[in-house]
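Trainee: I have a chain to go through and would like to ask about its build. Can we take the questions in turn?

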Amino acid sequence: MGIMSSTWSDSRVVSGTVASAAETQIGSDINIPANQTWLISGIFGSHPQGGTFRISVDSLPGMNGVRIQNSQEVKALSAGGNGSAELYPTNFVVPGPAVVQMFTTNAAASSGTAKAMISYQVTQG
């Protein structure tokens, strides 16, 4: 009998209060298990102050990963009347075990909730 594998799509959202203009991790680490490979297909980052955000994957140390924040609205992909704020398309293949972290560098130091999301396809087996 051969090795069985399965594939599905999923997403994760991390959030945390950030009151700094210095780079700050958003929420907790996202751990990719040893028996899974993730194709990270999209990322999104927001904070009320605007700025940039970054994805970091420990097994991809040369990746820059910095993007301009998608939105200042943390409750939806875009605030009403502000147009569309779509996910940034990405194509990172990450075999586990690995750790994914999301960071924000805000345009101002005012306190607010930072949120980041990754969408990915998992192959397990």
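Trainee: What pattern does the chain follow, read along the sequence?
Mentor: This is a predicted model. The chain has zero helices and nine strands. Read along the sequence, the pattern is therefore made of strands alone under the DSSP definition of these elements, and it is β-β-β-β-β-β-β-β-β.

Trainee: Which strands stand at the edges of the open sheet of four strands?
Mentor: The order in this sheet is β1-β9-β4-β7, and the pairing is antiparallel. A strand at the edge has a single partner, so one of its sides is left without a neighbour in the sheet. The two strands that fit are β1 (6-18) and β7 (88-95).

Trainee: What does the twist average from one strand to the next?
Mentor: The value belongs to the open sheet with the order β1-β9-β4-β7. From one strand to the next, the twist averages 25°.

Trainee: Which residue in β7 does L39 stand opposite?
Mentor: Strand β4 covers residues 36-46, and six bridges join β4 to β7. These two strands run antiparallel. Opposite L39, in β7, stands V93.

Trainee: What percentage of contacts between residues at least 6 apart in sequence join residues at least 24 apart?
Mentor: A contact here means heavy atoms within 4.5 Å. Of the contacts in the chain between residues at least 6 apart, the share joining residues at least 24 apart is 79%.

Trainee: What percentage of the residues in the chain is buried?
Mentor: Buried means under 20% relative accessible area. The chain has 125 residues, and the buried share of them is 36%.

Terms used
Residues are numbered from 1 along each chain as its sequence is written. This is a predicted model: local features need pLDDT of at least 70, side-chain atom pairs count only at pLDDT 80 or more; totals for chains, interfaces and linings use all residues. Side-chain values use heavy atoms; hydrogens and water are left out. Two strands pair if DSSP finds at least two bridges between them. Axes are lines fitted to C-alpha atoms, for helices over the stretch in contact, and angles run from 0 to 180 degrees between N-to-C directions. Buried means under 20% relative accessible area, exposed over 50%, partly exposed in between (1.4 Å probe, protein chains only).
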